[in-house]
Amino acid sequence: MDKVVQSNRAAWEKASTKHVHEYDELLEEARSAARLFPREAELLQPLLDDRPVVVHFQSGHGLDDVALVKAGARQVVGVDYSSVAAGAAHRRAAELDLSCQYVVAEVPGVPVKDGAADLVYTGKGALIWMRDIGAWAADAARVLRPGGHLFVYEAHPAVPLWSWDEDEPRIRPDRSYFAESHVNDTFPANGAQEWQWNLGQIVTAVVAAGLRIEVLEEYAEPFWRPADGTDAAAWSGRLPNSYALLARRP
């Protein structure tokens, strides 16, 4: 693990204490309201109906894992390099008696056997922490059994460009769609380095790993909005803010 990744991991360990401080609230959300986004559920339901084994790359607080089990997954294995996040997610799953297990590890380099998963699930703020998108895609393909699927629901690569101005959308003068990285200046990992993978690079990496893309959709609605009620004109429907990608291992 190089110095940048170590620094990012330290930032996420600190940020993940939020999941501990808000444990009871997240537990109640997991118990009563954990669910996938509507379009995410539509794309995944045919796969979840087959009771898949899911490996969740960068599982974070684990609420998506709860939603996947509720929607039909037989088992979810969450992988995250934050021991704080993985520990809190494991405790919640145990309290709810759900088939979710957690491993503290870096992605790529997931300590899961080849062909162990029917579905690799990831997204919602995950790919920006990948220093090598090709290695990430290859790891996902390795973990999948033949016929298994990779599903990504993620912030659109153009999102770092959008300002949070309320009157009209603007492009930040300090950002570029084709930049290699930028420094995160918002919660949760303020000060961490995010890598910018444009849509072409992501698609190319998935195809180069031997997966066949079945769905690629872009959406105007962001997957996350600040809890303080901040609203931005960039989220009003004119610009891409999220996307979904579904690919299959032949």
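Here are some friendly notes on this predicted model, point by point.

1. Overall make-up. The protein has 250 residues, and 50% of them are buried. Its secondary structure comprises 8 helices and 9 strands. Among contacts with a sequence separation of 6 or more, 72% join residues that are 24 or more positions apart.

2. The main core. The largest nonpolar core holds 31 residues, and those touching the most other members are V55, F57, V120, L127, W136 and L150. Two or more residues each come from β1 (53-57), β2 (75-80), β4 (117-123), α7, β5 (144-155), α8 and β9 (242-248). Of these elements, α7 gives the most, with 6 residues. A second core, separate from this one, has 24 residues, including L43, V69, A73 and A244.

3. F57 and its surroundings. If you would like a residue to start from in the viewer, try F57, which is one of the residues touching the most other members of the largest core. Setting aside residues up to four places away in sequence, F57 touches V79, V107, V110, V120, Y121, T122, W136, D139, A140 and V143.

4. L150 in strand β5. L150 belongs to strand β5 and is buried, with a relative accessible area of 0%. Beyond its neighbours within four places in sequence, L150 is in contact with V120, W136, A140, L144, V206, L211, L245, L246 and A247. L150 and L211 are separated by 61 residues in sequence, but their C-alpha atoms are 8.3 Å apart in space.

5. The α7/α8 pair. How do the axes of these two helices cross? Helix α7 (residues 133-143) and helix α8 (residues 199-208) have axes that come within 8 Å and cross at roughly 40°. The two helices are therefore oblique to each other, and their crossing is right-handed. On the α7 side the contact is made by I133, G134, W136 and A137, and on the α8 side by Q201, A205 and V206. Sorted by class, this contact has 5 nonpolar residues, 2 polar ones and no charged ones. W136 is worth a second look, as it takes part in this helix contact and also appears in the contact lists of F57 and L150.

6. Helix α5 and what follows. Is α5 (residues 63-70) mostly covered or mostly open? It is mostly covered, with 7 of its 8 residues buried. Those buried residues are L63, D64, D65, V66, A67, L68 and V69, so two aspartates are included, each with under 20% relative accessible area. After α5 comes G72, which has a positive phi near 135°.

7. Q45 in helix α4. Q45 sits in helix α4 (residues 38-48) and is partly exposed, at a relative accessible area of 28%. The C-alpha atoms of Q45 and L68 are 9.5 Å apart, with the two positions 23 residues apart in sequence numbering. L68 itself is one of the buried residues of α5.

8. Backbone details to check. Which residues are joined by a cis peptide bond? They are V107 and P108, with omega at about 0°. P108 lies in the loop between β3 (100-104) and β4, and V107 is among the residues that F57 touches. Positive phi values also turn up at residues other than glycine. R51, in the loop between α4 and β1, has phi near 55°, and at 43% relative accessibility R51 counts as partly exposed. D97, in the loop between α6 (83-95) and β3, has a phi of about 55°, and at 71% relative accessibility D97 counts as exposed.

9. R248 in strand β9. R248 lies in strand β9 and counts as partly exposed, at 31% relative accessibility. Not counting residues up to four places away in sequence, R248 touches G147, G148, H149, G210, L211, R212 and E214. L211 is thus a shared partner, because heavy atoms within 4.5 Å count as contact and L211 is listed for R248 as well as for L150. The C-alpha atoms of R248 and A141 are separated by 8.8 Å, although the two residues are 107 residues apart along the chain.

Methods
Residues are numbered from 1 along each chain as its sequence is written. This is a predicted model: local features need pLDDT of at least 70, side-chain atom pairs count only at pLDDT 80 or more; totals for chains, interfaces and linings use all residues. Side-chain values use heavy atoms; hydrogens and water are left out. Axes are lines fitted to C-alpha atoms, for helices over the stretch in contact, and angles run from 0 to 180 degrees between N-to-C directions. Helices (H or I, at least four residues) and strands (E, at least two) are DSSP runs, numbered from the N terminus. Angles under 35 degrees count as roughly parallel, over 145 as roughly antiparallel, 65 to 115 as roughly perpendicular and the rest as oblique. A crossing is left-handed if the near helix is turned anticlockwise from the far one by less than a right angle, and right-handed if clockwise. Ala, Val, Leu, Ile, Met, Phe, Trp, Tyr, Cys and Pro count as nonpolar, Asp, Glu, Lys and Arg as charged, and the others, Gly among them, as polar. A nonpolar core is a set of buried Ala, Val, Leu, Ile, Met, Phe, Trp, Tyr and Cys residues joined through side-chain atoms within 4.5 Å. Buried means under 20% relative accessible area, exposed over 50%, partly exposed in between (1.4 Å probe, protein chains only).
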